[in-house]
Amino acid sequence: MNHIPSQCKVVTQPGIVTALHGTEADIEIVQHSACSSCKIRGVCAPSESSTKTIRVPNHGGLAPGTRVDIDMQERYGWMGVLFAFVVPLVLVVGVLFSLSGPLGSEEMAGLAGLASLLPYYGLLYLTRHIFAGIIRFDVHPAAFHKEGVQ
């Protein structure tokens, strides 16, 4: 069942169902670095990839070993970039500039800026259930793809 409006850009990632947990399923995806698709990767750097597990709602039909495609609206990816990278950068720079004068030491202001990340990421961790309710994945049986063609 596809809940993604047709006007939204969608990111699709193939995966394999690894486990079921009641009404949820764990899906393992492999993320490749840009180097892994480069034709001359052996000359400059080894290819890298990492395995991620995503827990999604199981609306039935998913079983361990099933190949699936996971769809996510592109805007959720940009929201992740905003909260994981942009806001922390603004926070660190803001604390750095606002405390460099009163503390009289750029080093202490820099440490205070870095220390400001602890409560920020702690707050993100404590509110992760809110993000889990906002970000939605659409899971469907894998389409048959030729290599390089989507």
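Colleague: How many aromatic pairs does the count come to?
Modeller: Keep in mind that this is a predicted model. Rings of Phe, Tyr and Trp pair if their centres lie within 6.5 Å. By this rule, the count of aromatic pairs comes to two.

Colleague: Let's take Phe83 and Phe131: is that pair stacked, tilted or edge-to-face?
Modeller: The ring centres of Phe83 and Phe131 are 5.2 Å apart, and their planes sit at 70°. Planes over 60 degrees apart count as edge-to-face. So the pair of Phe83 and Phe131 is edge-to-face.

Colleague: How many residues apart are Phe83 and Phe131 in the chain?
Modeller: Phe83 belongs to helix α2 (residues 74-103), while Phe131 belongs to helix α5 (residues 128-134). The pair therefore links distant parts of the chain. Along the chain, the two are 48 residues apart.

Colleague: And is Phe83 buried, partly exposed or exposed?
Modeller: Buried means under 20% relative accessible area, and exposed means over 50%. Phe83 has 29% relative accessibility, so Phe83 counts as partly exposed.

Colleague: Now for the tyrosines: what is the angle between the planes of Tyr120 and Tyr121?
Modeller: Tyr120 and Tyr121 form an aromatic pair, 5.3 Å centre to centre. The pair is edge-to-face, and the angle between the planes is 70°.

Colleague: Is Tyr120 buried or exposed?
Modeller: Its pair partner Tyr121 has a relative accessible area of 37% and is partly exposed. Tyr120 has 14% relative accessibility, and the cut-off for buried is under 20%. So Tyr120 counts as buried.

Colleague: Which residue has its charged end over the ring of Tyr125?
Modeller: Here we look at a charge and a ring. The charged end sits 3.9 Å from the centre of the Tyr125 ring. That charged end belongs to Arg128.

Colleague: What about Asp26: buried or exposed?
Modeller: Asp26 lies in strand β2 (residues 24-32). Leaving out residues up to four places away in sequence, Asp26 touches several residues, including Thr18, His21 and Arg55. At 11% relative accessibility, Asp26 counts as buried.

Colleague: Back to the helices: at about what angle do α2 and α3 pack?
Modeller: Helix α3 covers residues 106-115, and its axis is 8 Å from that of α2. The crossing of α2 past α3 is right-handed. The angle at which they pack is about 145°.

Colleague: How many residues in the contact of α2 with α3 are nonpolar?
Modeller: Among the residues making the contact are Val92, Leu96 and Leu99 of α2, and Met108 and Ala112 of α3. Three residues of the contact are polar and one is charged. The number of nonpolar residues is eight.

Technical notes: Residues are numbered from 1 along each chain as its sequence is written. This is a predicted model: local features need pLDDT of at least 70, side-chain atom pairs count only at pLDDT 80 or more; totals for chains, interfaces and linings use all residues. Side-chain values use heavy atoms; hydrogens and water are left out. Rings of Phe, Tyr and Trp (its six-membered ring) pair if their centres lie within 6.5 Å; planes under 30 degrees apart count as stacked, over 60 as edge-to-face and the rest as tilted. Helices (H or I, at least four residues) and strands (E, at least two) are DSSP runs, numbered from the N terminus. Buried means under 20% relative accessible area, exposed over 50%, partly exposed in between (1.4 Å probe, protein chains only). A charge sits over a ring if NZ of Lys or CZ of Arg is within 6 Å of the ring centre and within 35 degrees of the ring normal. Contact means heavy atoms within 4.5 Å. Axes are lines fitted to C-alpha atoms, for helices over the stretch in contact, and angles run from 0 to 180 degrees between N-to-C directions. A crossing is left-handed if the near helix is turned anticlockwise from the far one by less than a right angle, and right-handed if clockwise. Ala, Val, Leu, Ile, Met, Phe, Trp, Tyr, Cys and Pro count as nonpolar, Asp, Glu, Lys and Arg as charged, and the others, Gly among them, as polar.
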